[in-house]
Amino acid sequence: MEIKIFDTPDAVAPACADEFTSLLSSKDYCILGLATGASPVPTYRELIKRFNAGVISFKHASSFNLDEYVGLPRSDKNSYYTFMHENLFNSVDINEKNVHILNGNAEDTEKECADYDAAIDAAGGIDIQLLGIGTNGHIGFNEPSDAFSDGTFKVKLTDSTVQSNSIYFTESAMPRYALTMGINSIMKAKKIVLIATGTSKAEAIKNAVKGEVTPRCPASVLQKHPNCIFFLDRAAASLL
Ligand code: PGA
């Protein structure tokens, strides 16, 4: 993996947006793997700026998001469906029919997950996958566990994830389950870019970059990916 360290969190977004810009500008049709959470928001803002300036277009792109809560209506302000529309899709020219977000309310979750992986494969695979990292080392909602997951699946969230994300749930209870792309689904992406900023991520980054490859720190598997870049600010990189 390649590690890029920036002096400030603000310097991370333009550099990460450059990865998307060069892909969108060089390939006829792009498959984007997208993420939610605080980490990618400045990058999405930068991409919107570049779209408004006529530098990039999402007309010839499809997107697949990493994960979605189970049991929240899509219209809920905390659903990742809402998050992605508010933070990116509503402000760029992506065609809604090319937007893929797991349906956390599907009656048959196993089928929903299998169909999602099949749709990614049918699209030709993800060209670039954006990731954040949890303080516990999770990627997507692949929580620390005894074994790396395979394809997209339903997961029970750990207490630390519930604690981290509860700040957003002021009006409704935070869901305890989610659907997430599995480790194998993520590792199949042709390129992976992970963003981490702030001291709260330093320990997880240290374990992911320097620790053994173990499902106890799911992000450590990225050491085995042939084309993966970590975009870090000094604080997130402080234990490297
Ligand atoms: P954050 O979350 O970007 O909101 O810190 C990242 C994650 O939990 O994967």
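**Note on the strand pairing, ring cluster and ligand site**

1. In strand β8, the residue that bridges to K156 is Y177. This bridge belongs to the pairing of β7 with β8, which is antiparallel and extends over 4 bridges. As with everything discussed in this note, the pairing is read from a predicted model. Strand β8 also takes part in a second antiparallel pairing, in which 3 bridges join it to β4, and there E68 has L179 of β8 as its bridge partner. In general terms, the strands of a sheet pair through backbone hydrogen bonds, and the sense of that pairing is either parallel or antiparallel.

2. A separate point concerns the open sheet of 7 strands, whose order is β1-β10-β9-β6-β2-β3-β5 and whose pairing is parallel. Its edge strands are β1, covering residues 2-6, and β5, each of which pairs on one side only. For β1 that one side is given by strand β10 (residues 228-233), to which β1 is joined by 5 bridges in the parallel sense; within this pairing, E2 is matched with I229 of β10.

3. Helix α3, which spans residues 80-87, has Y80, T82, F83, M84 and H85 as its buried residues. Which elements cover them? The cover includes two helices, α2 (41-52) and α5 (159-165), together with the strands β2 (30-34), β3 (61-65), β4 (67-69) and β5 (99-100). Of the strands in that list, β2, β3 and β5 also appear in the order of the open sheet, whereas β4 is joined to β8 by antiparallel bridges.

4. The aromatic side chains deserve a paragraph of their own, since a search of the whole structure finds 6 aromatic pairs. In one of them, the ring centres of Y69 and F169 lie 5.4 Å apart with the planes at 85°, and the pair is therefore edge-to-face. Because Y69 sits in strand β4 and F169 in the loop between α5 and β8 (177-180), this pair ties together parts that are 100 residues apart in sequence. Both partners fall under the 20% cut-off for burial, with a relative accessibility of 1% for Y69 and of 10% for F169.

5. A further aromatic pair is made by Y80 and F141, and it is stacked, with 6.1 Å from centre to centre and 20° between the planes. Here too distant parts of the chain are linked: Y80 belongs to helix α3, while F141 lies in the loop between β6 (128-131) and β7 (153-156), 61 residues apart. Y80 is buried at a relative accessible area of 10%, and F141 is likewise buried, at 2%. Ring pairs link these four residues, Y69, Y80, F141 and F169, into a cluster.

6. The loop between β6 and β7 also holds E143. Is E143 buried or exposed? With a relative accessible area of 7%, E143 is buried. Its side chain makes a polar contact of 3.0 Å with the side chain of N136. When neighbours within four places in sequence are left aside, the residues in contact with E143 are N136, H138, V155, K156, L157, T158, T161, P215 and P218. For T161, the separation from E143 is 18 residues in sequence and 8.4 Å in space, taken from C-alpha to C-alpha.

7. T152 is found in the loop between β6 and β7 as well, and its relative accessibility of 9% means that T152 counts as buried. Beyond its neighbours within four places in sequence, T152 is in contact with L102, C113, Y116, D117, T180, M181, G182 and S185.

8. Finally, the ligand is surrounded by G37, A38, S39, G132, I133, G134, H138 and K201; H138 is also among the contacts of E143. Three distances to oxygen atoms of the ligand can be checked in the model. A backbone N or O atom of A38 lies 2.8 Å from an oxygen atom of the ligand, an N or O atom in the side chain of S39 is 2.5 Å from a ligand oxygen atom, and an N or O atom in the side chain of K201 is likewise 2.5 Å from an oxygen atom of the ligand. On its own the ligand has 280 Å² of accessible area, of which the protein covers 79%.

Definitions and conventions
Residues numbered from 1 in each chain as written. Predicted model: local features only at pLDDT ≥ 70, side-chain atom pairs only at ≥ 80, totals over all residues. Heavy atoms only, no water. Buried < 20%, exposed > 50% of the residue type's maximum accessible area, 1.4 Å probe, protein only. Contact = heavy atoms within 4.5 Å. Pairing = 2+ DSSP bridges. Near = heavy atom within 4 Å. Polar contact = N/O pair within 3.5 Å; in protein donor to acceptor, adjacent residues only side chain to side chain. Areas by Shrake-Rupley, 256 points an atom, 1.4 Å probe, with all protein chains shown as cover. Phe/Tyr/Trp six-rings, centres within 6.5 Å; stacked < 30°, edge-to-face > 60°.
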